[in-house]
Every structure is written in structure tokens, then in C-alpha cells.
Amino acid sequence: MSATDLAAVAKAMVAPGRGVLAADESNATITKRFAALDIESTEENRRAYRDTLLSTPGIEDYISGVILYDETIRQSSADGTPFPKMLERKGILPGIKVDTGSKPLALDNDEQVTEGLDGLRERIAEYVSLGAKFAKWRAVYIIDEARGFPTDYAMHCNAHALARYGALCQEGGLVPIIEPEVLMDGENDIETCAWVTEHVQRRVFQELSRQNVSLEGMVLKPSMVISGKKSTSQAGPQEVAERTLTCLYRTVPPAVPGIAFLSGGQPAAVATEHLDLMNKMGPHPWTLTFSYGRALQDEALRTWKGSTDNVAEAQKVASHRAGLTSAAATGTYSRDMETAGV
Ligand code: 13P
């Protein structure tokens with residue numbers, strides 16, 4: 001793929017009112033989500049669940065791309081159509097998670113670094129042959145003020161790996177989603193999250209520049225600037241939106257076509273409201289949209305519950321949620337739409 005083609009794919013991923021569905025849970029993660037609802041995590045159940053989501057009627061009105069997992073990109077819909085082909089027919093770009101998860105950082109103390117670089121060039125070539133158009137790599141950063149986390153070492157190692165992955169993707173013809181996720185579950189207040197997120201993102205863009213990653217051919221997937229879940233002072237939605245924007249304006253060059261947030265465990269309506277508020281404060285130099293996992297899926301998964309009898313209802317729920325999130329991507333969401341439908 002030429003630089004122009006990469007830029008066109010990146011732009012399509014963040015087209016106005018559309019965003020990315022993160023359905024790339026590893027088998028370990030989806031097994032945990034299934035277990036919470038007493039659903040057995042067999043290969044067929046994982047396939048049937050992804051089939052339910054991806055074949056939701058009209059989902060293409062809201063979803064520009066879907067991130068798949070290694071097992072899922074090789075699976076097919078009930079009628080035998082491979083998932084990447086089925087998505088392509090709907091005008092949805094197939095994507096693939098290519099990192100192999102985060103592991104403890106050597107000689108550190110509980111921080112994480114994301115693995116998956118060895119052999120990545122060859123894996124990218126295979127994913128391209130399976131129909132992938134973009135990829136995802138998630139780096140995680142823990143905030144722990146008492147221990148000085150994230151350390152400079154953790155920020156450096158993760159930024160370096162994100163940039164190496166980004167360069168390999170662009171060389172091999174995939175648009176990289178660059179995902180530095182500052183975890184939201186600490187005791188820290190929003191000010192600390194703002195400081196950390198700004199430094200993390202600054203480091204990431206420095207490293208992308210060093211390794212010649214084209215900004216036009218990538219999408220940034222950041223976490224929002226938010227109070228830690230265990231913090232006693234919880235900032236309101238307006239402050240979250242303002243601080244997140246301040247951080248982005250300080251760190252993300254306008255050459256980046258779009259920013260697609262992760263939801264990070266925020267309740268769906270909260271993640272939707274935050275995105276909506278940021279868009280109401282626009283226009284911005286980049287499109288602000290979503291690449292949510294849990295915030296798009298949680299209710300649909302609870303409705304599906306592992307039974308074919310619930311497929312139609314689960315699809316209704318998935319479509320409604322995607323519609324609300326799409327409205328937030330254009331700043332036209334309001335809370336009463338949660339119950340009124342779209
Ligand atoms: P959440 O929206 O559930 O955080 O998932 C997004 C994602 O892809 C994390 O890597």
C-alpha cells in the first residue's frame with residue numbers, strides 16, 4: 001500500500017459519524033467476559049458471538065472498521081463467509097490486533113511492556129493476505145504516584161515498541177492504530193492523569209517521528225483524561241472533556257487524521273457523553289471518534305448470553321449503542337437518546 005493508500009484508509013476509519021468496534025479480545029480476555037455471564041468459552045461460542053455482532057443489520061452506518069483477533073480473522077459467518085469478506089461487503093474495514101499482550105518489564109517492578117515485535121513483519125504479511133487493512137497495538141501505563149509510575153523507563157520502552165510496530169505496519173501495508181492506554185483504575189486525581197497522559201503521548205510522538213512513521217497514515221487511540229476509579233474526587237464530564245482536549249492539543253500534530261478513543265471500563269453512557277462533549281467543543285484539527293470495546297459490547301453480550309434465541313435482541317441492543325456512540329462522534333448525542341432510541 002502506498003502512503004496515499006494508507007492515508008485514505010486512515011481517513012476512512014475516522015470518517016464523520018463512524019468509528020471502530022474493538023472486538024479483538026484475546027481468548028483469555030473473552031473467556032473472562034463470558035465467565036462473568038456463565039457462557040462457556042468454546043471456539044464455536046466465540047465465533048457465534050462475533051457473528052452476532054458483525055452481522056448486526058445496519059451496523060455499517062456507525063462502524064467504519066472492526067478490530068479482530070487472530071482466531072476471529074480466520075473464522076466465518078454462519079453462511080460460510082469469512083469474517084473479513086463479510087465486513088468488506090458491508091463497507092467495513094477489517095482490522096487485526098497484532099500485539100501479543102503486555103508482560104512485566106524486565107528489572108522493573110510491576111510495570112508492563114507490550115510484546116509481539118519478533119516475527120511481526122511476517123505476521124503482517126499473512127494478515128494482509130487475509131484481508132486486514134489496519135492493525136492495533138496497545139501499550140499500558142499504570143499510574144501509581146507512590147511508586148513513581150509510570151517511570152521514564154516504562155514510557156520509553158512502550159513508545160519505542162509502538163513506533164517499531166507502527167513502522168512495520170506501514171511498510172507492510174496496514175494502517176497502525178497507536179494505542180497508549182493510561183489505565184483509569186488508580187487512586188490518582190484527574191490532574192495526575194492529565195500530567196501522565198500528556199507525557200506519555202509526547203514520548204509516543206517523539207518516537208514515531210524518530211522511526212519515520214507517517215502521521216497521515218495512522219490513527220491515535222488514547223485514553224481520556226479522567227479521575228482514577230479509586231480516587232475520592234471524581235471530576236465531572238465537562239472537566240474530563242476539557243482536560244482531554246488540552247492534552248491532545250499539546251501533543252498530537254494536526255497531520256494525524258483522527259483520534260479514536262478507547263472506553264477503558266467507563267460505563268457506556270459515560271464514555272458516550274465524554275466523546276460527545278469534546279465534539280460539541282469542536283471543530284478540531286482531527287476527527288474525534290471512538291474505538292470502544294466494552295462500551296459498545298457490554299450490553300449486547302449480556303443480552304446474547306450465549307443463546308441463539310437472543311441473537312435478534314442482542315443485535316438490536318448493539319445497533320442502538322452503536323447509533324448513540326456515532327451521534328457522540330458528531331456531537332449530536334443527548335442523554336435522553338439512551339431511552340428514546342435513535
Ligand atoms: P475498551 O473500550 O473496552 O477499553 O477496549 C478498547 C480496546 O481495544 C482496548 O485495547
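Q: Is C247 buried or exposed in this model?
A: In this predicted model, C247 has a relative accessible area of 4%, and because the cut-off for buried is under 20%, C247 counts as buried.

Q: What is the nearest cysteine sulfur to C247, and how many disulfides does the structure hold?
A: A disulfide requires a pair of cysteine sulfur atoms within 2.5 Å. The nearest cysteine sulfur to C247 is that of C193, 8.2 Å away, and C247 is in no disulfide; the structure as a whole holds zero disulfides.

Q: Why is C157 without a bond to C169?
A: The closest cysteine sulfur to that of C157 belongs to C169 and lies 19 Å away, which is too far for a bond. C157 also counts as buried, at 18% relative accessibility.

Q: Where is empty space left, and how much of it lies in the largest pocket?
A: Rolling a probe the size of a water molecule over the atoms shows where empty space is left. Here the largest pocket holds about 580 Å³ of space. Its lining comprises 25 residues, of which T29, R33, K136, R138 and R294 are the closest to the centre, and the elements giving two or more residues to this lining are helix 2 (27-35), strand 6 (134-141), strand 7 (175-182) and strand 10 (287-292). By class, twelve lining residues are charged, nine are polar and four are nonpolar.

Q: Which residues line the second largest pocket?
A: The second largest pocket, with about 200 Å³ of space, has a lining that includes I142, I143, D144, E145 and A146, together with L183, D185 and K230. Five residues of this lining are charged, four are nonpolar and two are polar.

Terms used
Residues numbered from 1 in each chain as written. Predicted model: local features only at pLDDT ≥ 70, side-chain atom pairs only at ≥ 80, totals over all residues. Heavy atoms only, no water. 1 Å grid on protein atoms, 1.4 Å probe; cavity = no way out; pocket = protein on both sides within 12 Å on 5 of 7 lines; lining within 4 Å. Points joined across faces, edges and corners; volume = space filled by probe spheres on them. Helix = DSSP H or I, 4+ residues; strand = E, 2+ residues; numbered from the N terminus. Nonpolar A, V, L, I, M, F, W, Y, C, P; charged D, E, K, R; others polar. Buried < 20%, exposed > 50% of the residue type's maximum accessible area, 1.4 Å probe, protein only.
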